[in-house]
Amino acid sequence: MSAPIISLESLTNTTSSGQLLTTAKSGGCASSSCGSSSRPTDMDSATWEKIKDHPCFSEEAHHYFARMHVAVAPACNIQCNYCNRKYDCANESRPGVVSEKLTPDQALRKVIAVANEVPQLSVLGIAGPGDACYDWKKTRATFERIAREIPDIKLCISTNGLALPEHVDELAELNISHVTITINMVDPAVGEKIYPWIFYGHRRYTGMEAAKILHERQMLGLEMLSKRGILTKINSVMIPGINDQHLIEVNKWVKERGAFLHNVMPLISDPAHGTCFGQTGQRGPTALELKALQDRLEGGAKLMRHCRQCRADAVGLLGTDRGQEFTLDQIPLEPGYNSGKRHAYREVVSRIRDDHLAAKNQAITTLASVSVRGSLHVAVATKGGGRINEHFGHAKEFQVYEASQTGIKFVGHRKVEPYCRGGWGEEATLGGIIAALEGINIVLCAKIGDCPQKQLMEAGIRATEAFGYDYIETAISALYAAEYGLDLSKATA
């Protein structure tokens with residue numbers, strides 16, 4: 001039995017920061033300086049302090065904390081065959097896409113408005129829609145303004161790396177603690193298939209020459225960041241037939257140069273997006289192909305598997321995007337920042353994390369007690385907080401876990417169209433969800449109707465609401481024990 005439920009959802013809907021603080025303190029956590037003891041055993045305390053509330057650099061943190069991107073850097077110095085920044089659909093999640101570009105002053109106004117309404121906010125990033133290092137004046141001006149107003153927010157950038165070495169000293173000066181570099185190759189012969197041209201040193205380069213310059217600049221930038229202790233995440237787009245096997249070599253190179261994380265993302269290739277790869281019919285990998293490559297990379301640079309390939313104006317928890325709630329026409333002209341909600345929320349999360357850690361440890365004990373070896377692939381409908389707290393029909397994605405005797409590992413997510421449409425289900429959508437859940441043994445959700453549950457079963461996928469609102473690891477360990485020999489009646493409910 002898990003500890004009494006503390007609903008983070010209810011806390012984030014609370015309108016009064018005073019109420020949030022009261023809720024936090026009633027649980028025994030009365031100090032804003034209190035800290036969770038749930039640091040991973042394989043990580044030093046200094047690194048944990050840097051990532052514990054960064055949802056992109058910590059899989060554990062992404063259950064609790066939100067990021068925000070401000071679209072202040074539209075200029076770019078390279079062309080990628082998978083990128084077209086002119087296309088925008090508010091319902092899509094794709095790097096480089098924005099609904100409105102911002103000036104540094106508009107960005108500050110928007111960040112303050114979001115910070116007042118989204119207590120989970122912990123990170124402010126600039127990810128384009130062009131390149132944050134190439135459009136540097138706007139990037140720097142934005143960070144300077146926001147750091148003055150909200151000094152406790154983490155600052156990070158995403159860059160293609162071409163102009164990165166020129167600005168590493170300034171990044172350190174601005175206390176930018178996290179940098180993401182997109183590195184798709186370490187062999188220019190592969191790179192020239194991905195990048196038609198780059199603009200460097202006031203001239204345009206193409207072909208092998210362009211790829212060689214880009215590669216050299218990326219490696220130099222990564223090495224410079226590592227020497228200064230700035231955590232670096234490497235994004236790589238998996239392009240079947242072009243760099244999918246080559247990414248094994250990329251993983252080795254970035255590990256040797258100090259990268260903290262390697263994030264292998266699937267190519268998004270749709271003709272409607274107007275990209276070169278979309279027009280030529282270059283396909284993206286399947287979910288199983290992506291997982292197979294990620295599995296091959298285990299033992300190299302540490303992998304990120306919880307990426308959602310966010311828009312350049314994303315707001316909210318990973319897997320959700322509240323950006324359309326905070327367009328310029330919907331926020332105050334001169335919002336005043338109130339830190340109460342954010343500070344109170346962090347107090348509550350600190351206490352919940354320790355409870356969650358205890359649940360994880362108990363789950364490990366349960367798995368180890370099973371004598372029969374096997375694996376179980378579980379898809380979870382969740383709104384966050386590490387719990388099974390989303391209705392099957394409302395889910396826009398399922399988080400996927402793999403359980404074995406050695407533990408429970410997050411291995412990715414599967415995006416879907418929500419099945420429920422105002423009280424009724426769409427059959428075609430359900431078919432798409434079943435296809436997206438290929439390879440899954442069991443689906444866990446807070447609620448599910450008889451019809452989708454039956455159709456999932458016919459497709460060989462079990463679904464249950466028996467563990468609704470439990471911790472994810474608690475439920476999966478119970479299911480695993482029941483599957484491989486221990487009698488846990490709840491798992492068959």
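Contact here means heavy atoms within 4.5 Å. The model is predicted.

**View 1. The whole chain: helices, strands and burial.** The chain carries 15 helices and 16 strands. Of its 493 residues, 55% are buried. Take the contacts with a separation of 6 or more: residues 24 or more positions apart account for 73% of them.

**View 2. Val70 in the largest nonpolar core.** Val70 touches Leu102, Ala107, Val111, Leu124, Gly125, Ile126, Gly128, Thr142 and Ala312, with residues up to four places away in sequence left out of the count. The largest nonpolar core has 59 residues. Within this core, Val70, Leu124 and Leu171 touch the most other members. Helix α4, residues 104–117, gives the most to this core: seven residues. Another core, of 33 residues, lies apart from it. Its members include Met43, Ile194, Ala210 and Cys310.

**View 3. Ala71 in a loop between two strands.** Ala71 sits in the loop between β1 (66–69) and β2 (78–79). Why does Ala71 count as buried? Its relative accessibility is 2%, and buried means under 20%. Ala71 and Lys101 are 30 residues apart in sequence, yet their C-alpha atoms are 5.2 Å apart in space. Lys101 is also one of the contacts of Ala71. The others, leaving aside neighbours within four places in sequence, are Val98, Glu100, Leu102, Gly128, Pro129 and Ala312.

**View 4. Helix α4 packed on helix α5.** Two packed helices are described by the angle between their axes and the distance between the axes. For α4 and α5 (residues 136–149), the angle is about 35 degrees and the axes are 9 Å apart. The crossing of α4 past α5 is right-handed. On the α4 side, the contact is made by Pro104, Asp105, Ala107, Leu108, Val111 and Ile112. On the α5 side, Lys138, Ala141, Thr142, Arg145, Ile146 and Glu149 take part. By class, the residues of this contact are seven nonpolar, one polar and four charged.

**View 5. Cysteines without a disulfide.** A disulfide is a covalent bond between the sulfur atoms of two cysteines. How many disulfides does the structure hold? Zero. For Cys56, the closest cysteine sulfur is in Cys310, 5.8 Å away and too far for a bond; the cut-off is 2.5 Å. Cys56 is buried, at 14% relative accessible area. Cys451 is partly exposed, at 38%.

Conventions:
Residues numbered from 1 in each chain as written. Predicted model: local features only at pLDDT ≥ 70, side-chain atom pairs only at ≥ 80, totals over all residues. Heavy atoms only, no water. Core = buried A, V, L, I, M, F, W, Y, C linked by side-chain atoms within 4.5 Å. Buried < 20%, exposed > 50% of the residue type's maximum accessible area, 1.4 Å probe, protein only. Helix = DSSP H or I, 4+ residues; strand = E, 2+ residues; numbered from the N terminus. Axes fitted to C-alpha atoms, helices over the stretch in contact; angles between N-to-C directions. Left-handed = near helix turned anticlockwise from the far one by under 90°. Nonpolar A, V, L, I, M, F, W, Y, C, P; charged D, E, K, R; others polar.
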